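Colleague: I would like to learn how to read the features of a structure that is new to me. Could you take me through them step by step, with the general idea before each case?

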Amino acid sequence: MKQLLPPIWLGTLLLAGVAQAQDAAGEQRYAPCASCHGDAAQGDQAQGAPRLNHLSAVYITAQLEKFSAGQRGGADASPQAQAMAAMARTLPDEQAMLEVAVYISALDSPASPATVAGDPALGADYYRQLCGACHAAGAVGNKALHSPRLAGSDDWYLQAQLEAFRSGQRGAHPDDRTGRQMRAMAATLPDDQAVRNVVAYLRELAEPAE
Ligand code: HEC
Ligand code: HEC
């Protein structure tokens, strides 16, 4: 008698096929992004475009949705954030955002070199008191709280984003619930030196640059 493939195997094969097709779609969708973020999504400081490959696909998708909806990168945001919002709007729907996000989060590159001078020991104190409850020990992030991984992020980008939150260039939109939450937290750092210290601490949590 001819052996039939048990349905469970068939299902697995079909799923593998779907996953492969999505990989290819994600790679294609990423092509226009690489001119700023780099082939491995390692980032490019000269363009203000950050490393992305340390982030979860869920966070990347959520940020693309915010850019696309104007909750991030709106009229009050920096010109770079506005340029990024225009890019996010080239992705037709949530499925496309998810595809490119899954592709990005599977890429790899070493962390970028440290560029921000601060005191990591003082920064660690701030982190424990003000940040760790949401971003978790080791700054690996907490999915349930929508708080992203910070370990592995470019230090210049962490500094720029904390400043953007503090000045209201990010996290001010009334519909940006998680951004508003983070804006309130960024305001608890007493001054720019405290920002540099906490960033220097976060940079130490990243894997070493090559
Ligand atoms: C013209 C250059 C440029 C292109 C092209 C571009 N980006 Fe960006 N992207 C940026 C800049 C600049 C930022 C930082 C914005 C800011 O300062 O808030 C950014 C930020 C992001 C962020 C937020 C990361 C974080 O940690 O907050 C994501 C996600 C992202 N880009 C994904 C993409 C994807 C996906 C594409 C392709 C569809 C893309 N970008 C194309 C310049 C670009
Ligand atoms: C109440 C929870 C909470 C606390 C406490 C908190 N954060 Fe956040 N943080 C978030 C959330 C949620 C986001 C995502 C914001 C968004 O969706 O735009 C975020 C985003 C960020 C980002 C942007 C990262 C990126 O790649 O886009 C930085 C940088 C950051 N937090 C640093 C800090 C630092 C430093 C502290 C301590 C001073 C801190 N956070 C405290 C919840 C928190």
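Modeller: Let us begin with an annotation, keeping in mind that this is a predicted model. The unreviewed UniProt entry places the feature "binding site" at Cys131, Cys134, His135 and Met182. These residues span 52 residues in sequence, yet no two of their C-alpha atoms are more than 10.7 Å apart, so they gather at one spot.

Colleague: Where is Cys131 found, and is it buried or exposed?

Modeller: Burial is read from the relative accessible area, and under 20% a residue counts as buried. Cys131 is found in helix H6, and because its relative accessible area is 17%, it is buried. Leaving aside neighbours within four places in sequence, Cys131 is in contact with Tyr126, Ala136 and Val198.

Colleague: And where is the place of Cys134, and what does it touch?

Modeller: Cys134 also has its place in helix H6, but with a relative accessible area of 35% it is partly exposed. Not counting residues up to four places away in sequence, Cys134 touches Gly141, Asn142, Leu145 and Ser147.

Colleague: Which protein donors does the iron atom of ligand 2 have?

Modeller: To read a metal site, one looks at the N, O and S atoms within 2.8 Å of the metal. For the iron atom of ligand 2, the protein donors are His135, through NE2, and Met182, through SD, lying 2.0 to 2.2 Å from the iron. His135 lies in helix H6 (residues 120-135) and Met182 in helix H8 (residues 177-186), so this pair ties together parts that are 47 residues apart in sequence. His135 counts as buried, at 9% relative accessibility, whereas Met182, at 22%, counts as partly exposed.

Colleague: What is the arrangement of the six donor atoms at that site?

Modeller: The geometry is read from the angles among the donors, and six count as octahedral if opposite donors are over 155 degrees apart and all others between 65 and 115. The six donor atoms of the iron atom of ligand 2 have angles of 88 to 179 degrees among them, and the site is octahedral.

Colleague: Which residues coordinate the iron atom of ligand 1?

Modeller: That iron atom is coordinated by His37 (NE2) and Met84 (SD), at 2.0 to 2.2 Å. His37 belongs to helix H2 (residues 34-37) and Met84 to helix H4 (residues 79-88), so parts 47 residues apart in sequence are tied together by the pair. The six donor atoms around the iron atom of ligand 1 subtend angles of 88 to 180 degrees, which makes the arrangement octahedral. His37 is buried at 9% relative accessibility, while Met84 is partly exposed at 22%.

Key:
Residues are numbered from 1 along each chain as its sequence is written. Chains are lettered from A and ligands numbered from 1 in the order in which they are written. This is a predicted model: local features need pLDDT of at least 70, side-chain atom pairs count only at pLDDT 80 or more; totals for chains, interfaces and linings use all residues. Side-chain values use heavy atoms; hydrogens and water are left out. Donors are N, O and S atoms within 2.8 Å of the metal (3.2 Å for Na, K and Ca); water is not among the atoms, so sites may look incomplete. Four donors count as tetrahedral if all angles lie between 85 and 135 degrees; four count as square planar and six as octahedral if opposite donors are over 155 degrees apart and all others between 65 and 115; anything else is irregular. Helices (H or I, at least four residues) and strands (E, at least two) are DSSP runs, numbered from the N terminus. Buried means under 20% relative accessible area, exposed over 50%, partly exposed in between (1.4 Å probe, protein chains only). UniProt positions are given in the numbering used here, feature names are shortened, and annotations may be inferred rather than shown by experiment. Contact means heavy atoms within 4.5 Å.
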